[in-house]
Amino acid sequence: MKKFYRRLKKYTKVSIQILLFLLAGVALYFILPGEPKFKYEYQKGFPWKHDNLVAPFDFAILKTAKELENEKKEQTSKILPYFIADTSVAASHIKKLREDLNLSSVGGNNIQKQNIIDILATELERIYQKGILQFSIDSYTELNGKTEIRKRIGNTITRVGKDALYSEKTAYNEINRVKQELESAGSNIDWLEAYPLERYISANLTYDAETTQKEIDEITQNISLSRGMVRLGERIILEGEIVDADKFQILESLKASYEKERNKDVNRYMVALGKSLFILVMLGLIFVFLFIYRRDILDHLNRLVFLLLLITTVVLIAHFIDSFPNLHIYIVPFAILPIVVRTFFDSRTAIFTLFITTLLIGFYAPNNYEFILLEVSAGIIAVFSLNKMHRRVHLVLAAIWVFLTYALVYTALTLIHEGTLMLMNLGMLKWFLFSSIFILLVYPLIYIFEKLFGFISDVTLIEISDSNQPLLRKLAEEAPGTFQHSMQIANLAEEIILKIGGNPFLVRAGALYHDIGKIARPNFFIENQAAGMNPHNRLDYIKSAEVIIDHVKNGVKMAQKHKLPAPIIEFIATHHGTTKAKYFYLKHKEENPDSEINEDQFIYPGPLPRSKEASVVMLVDGIEAASRAMKEKTHQNLKEQIDRMVDQKIEDRQLDVSELTFSDIEIIKKTLLEKLINIYHVRIEYPDEKKGTK
């Protein structure tokens with residue numbers, strides 16, 4: 001029956017794995033575009049590697065984006081900007097001028113005074129007819145390169161030279177000049193000082209952006225998108241011929257026309273079949289990789305769901321951004337994908353995932369080869385430059401390295417394709433910069449993924465390893481001996497992991513927390529007991545074993561209550577595996593030789609450790625405690641103790657599911673011996689000198 005359940009469980013897991021891959025495949029099928037693709041691959045500056053190509057139908061040669069932009073600039077440069085003239089401004093201000101000056105009780109005889117008022121009003125009217133802008137003419141970007149404007153009064157439009165226009169400042173200077181000329185001619189104008197002339201100056205011209213833009217749109221819409229035709233049967237390019245700029249644009253035009261024409265009579269079923277096969281191959285490669293190198297990801301469904309969901313989401317975001325004409329696909333921070341995968345898994349998985357995802361996106365990305373080359377290069381650099389991420393500066397440096405990689409590879413491609421840097425599209429650097437800056441989103445994303453999928457990053461491991469964390473602080477206060485023991489285990493285990501490979505941050509955190517269950521009853525453990533005070537003396541051996549074994553169960557409950565990550569809880573649950581509380585078991589057996597003993601009462605609940613890190617903590621935990629209890633600590637005694645205890649763990653099948661190899665175990669023995677000799681200051685035993693020799 002047990003065999004049946006094991007098989008059922010195994011097949012259920014396989015079925016779920018297949019279902020997850022199928023769901024990812026369906027999602028990718030609907031995300032990826034289904035239009036037929038141009039069957040030829042080509043690059044500017046490289047030879048044409050296909051057979052001689054002739055035009056399969058008539059098609060127009062499209063202008064390049066630069067040509068269209070230049071033509072648009074040329075056409076728009078001829079458009080004169082529109083300004084709306086408000087005639088009421090001039091009328092109201094001239095009327096106000098006459099009213100104010102006529103009411104003045106000074107100013108000489110009425111004829112002379114009226115003559116001055118007429119001169120000023122006439123000059124003011126002339127200025128307003130020319131037009132007054134609020135600011136200086138140079139401050140209006142709409143007037144750059146223009147010699148005239150179009151002044152609109154109602155439905156009447158007239159042209160006015162730009163040099164004839166006034167700003168409010170120059171208009172005041174002009175009317176003030178007339179005032180000074182009157183004074184020079186001998187006229188009595190002292191009475192005008194009570195009426196500052198700037199109060200009669202206001203802008204009467206405002207820029208008409210709507211009308212100007214409407215005319216720009218009309219002209220640009222009439223710009224032809226093509227600059228010639230290629231007729232059916234006309235030769236386009238020969239095999240081996242270099243794809244220069246002209247040939248490249250003709251091929252681009254053929255590609256656009258081909259995909260447009262093929263949509264009319266294409267067999268949709270065949271296109272769908274091809275797309276499905278492509279997606280299946282890509283997902284199949286991921287499955288094979290995981291099956292061979294990372295079986296643990298397949299076995300843990302949350303990891304598999306995360307990986308497939310991450311790939312699908314990146315493809316979806318890339319397709320979404322690519323659908324906006326004003327955005328470029330390079331703004332998507334693809335380097336985040338390998339960084340996140342590297343954080344939770346390993347570099348090899350990160351690079352392979354990046355490669356497959358880039359191929360999927362390259363299916364529809366512009367300039368497929370260039371896109372794949374840029375993204376794979378930047379992604380690999382991101383992984384290599386971020387082999388550790390426990391400080392914020394590491395992520396900033398990774399973003400800088402990614403940007404430099406983008407810029408360098410793009411510059412190299414430009415030199416190959418164009419033969420000069422003068423034709424380099426510097427606007428692309430803007431998208432690369434945005435993409436690199438967005439890499440800084442990794443920190444909040446990692447936090448979210450940790451909470452959603454139960455993962456743990458190096459940053460989190462460093463945080464929870466701080467001895468000021470509440471649980472570790474409590475362990476240090478209530479079980480100081482256990483705390484010191486845990487610190488010793490952490491140092492030894494970290495040293496070993498650095499030599500056999502693994503995550504030193506994980507093993508350190510796991511070692512620090514592995515015995516937190518002893519907080520519940522610290523005095524029952526020898527490292528926390530005062531001399532002569534042993535509470536086990538008042539208990540029978542079965543009860544004592546229960547108390548000792550319970551520290552594992554209590555530790556797991558305590559860790560869950562404090563929301564410690566699952567990988568840390570593994571250390572707590574597995575650091576004794578399924579071994580016996582041997583001292584109490586043997587004592588009970590010794591006192592009850594004739595009675596049948598229930599061994600389950602003396603066995604730790606397990607499970608067995610799987611990871612290298614948890615397995616190392618299990619081995620180091622027992623050896624460190626035993627070596628501390630040794631009365632005579634010599635090199636030979638320590639070596640025998642280490643060998644005996646490690647071999648006993650293997651004999652008890654405590655390492656059956658562990659990732660440790662025999663080579664790792666030898667390194668563990670050697671490292672433990674070296675470190676314990678240093679810790680206990682074991683002296684080298686010198687041979688006795690032969691006495692009586694001369």
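How many aromatic pairs does the structure hold? In this predicted model, the structure holds 27 aromatic pairs. One of them joins Tyr410 and Phe432. Their ring centres lie 5.6 Å apart, and the planes meet at 70 degrees. That geometry is edge-to-face. The pair links distant parts of the chain, with the two positions 22 residues apart in numbering. Tyr410 belongs to helix H14 (residues 392-418), whereas Phe432 belongs to helix H15 (residues 427-437). Tyr410 has a relative accessibility of 8%, so it counts as buried. Phe432 has 0% and therefore counts as buried too.

Rings also gather in a cluster. Ring pairs connect Phe306, Phe344, Phe345, Phe449, Phe453 and Phe455. Two charged side chains lie over ring faces. Arg295 sits over the face of Phe291, 3.9 Å from the ring centre. Lys430 does so over Trp431, at 4.5 Å from the ring centre.

One member of the phenylalanine cluster, Phe344, is also part of helix H11. This helix spans residues 336-344, and 9 of its 9 residues are buried. H11 is therefore largely enclosed by the rest of the structure. Its buried residues are Ile336, Leu337, Pro338, Ile339, Val340, Val341, Arg342, Thr343 and Phe344. The list includes Arg342 and Thr343. The cover over these residues includes helix H10 (301-322) and helix H12 (347-362). It also includes helix H13 (368-385) and helix H16 (442-453).

A buried aromatic residue is found in helix H22 as well. Phe571 lies in this helix, which covers residues 566-574. Its relative accessible area is 1%, so Phe571 is buried. Leaving aside residues up to four places away in sequence, Phe571 touches Leu506, Val507, Gly510, Ala511 and His514. It also touches Glu613, Ala614 and Val617. Pro609 is 38 residues from Phe571 along the chain, yet their C-alpha atoms are separated by 7.7 Å.

Helix packing is illustrated by H21 (residues 541-561) and H23 (residues 582-591). Their axes are 9 Å apart, at an angle of about 170 degrees. An angle over 145 degrees counts as roughly antiparallel, so H21 and H23 are roughly antiparallel to each other. On the H21 side, the contact is made by Tyr541, Ile542, Ser544, Ala545 and Ile548. On the H23 side, Phe584, Lys587, His588 and Glu591 take part.

The strands form a further theme. An open sheet of 4 strands has the order S6-S5-S3-S8, with mixed pairing. S6 and S8 (205-207) are the edge strands, each pairing on one side only. Neighbouring strands are turned by 35 degrees against each other on average, direction ignored.

Each pairing in the sheet can be described in turn. S3 (residues 82-85) and S5 (residues 148-153) run parallel over 3 bridges. Here Tyr82 has Arg150 of S5 as its bridge partner. S5 and S6 (residues 156-161) run antiparallel and share 6 bridges. Arg152 stands opposite Ile157 of S6. The hairpin of these two strands has 2 residues between them, and Gly154 takes a positive phi near 65 degrees. S3 and S8 are also joined in the antiparallel sense, by 3 bridges. Ala85 faces Leu205 of S8.

A helix accompanies the sheet. H6 (residues 209-221) lies across S3, S5 and S8. Helix H6 runs at about 150 degrees to S3.

Notes: Residues are numbered from 1 along each chain as its sequence is written. This is a predicted model: local features need pLDDT of at least 70, side-chain atom pairs count only at pLDDT 80 or more; totals for chains, interfaces and linings use all residues. Side-chain values use heavy atoms; hydrogens and water are left out. Buried means under 20% relative accessible area, exposed over 50%, partly exposed in between (1.4 Å probe, protein chains only). Contact means heavy atoms within 4.5 Å. Rings of Phe, Tyr and Trp (its six-membered ring) pair if their centres lie within 6.5 Å; planes under 30 degrees apart count as stacked, over 60 as edge-to-face and the rest as tilted. A charge sits over a ring if NZ of Lys or CZ of Arg is within 6 Å of the ring centre and within 35 degrees of the ring normal. Two strands pair if DSSP finds at least two bridges between them. Axes are lines fitted to C-alpha atoms, for helices over the stretch in contact, and angles run from 0 to 180 degrees between N-to-C directions. Angles under 35 degrees count as roughly parallel, over 145 as roughly antiparallel, 65 to 115 as roughly perpendicular and the rest as oblique.
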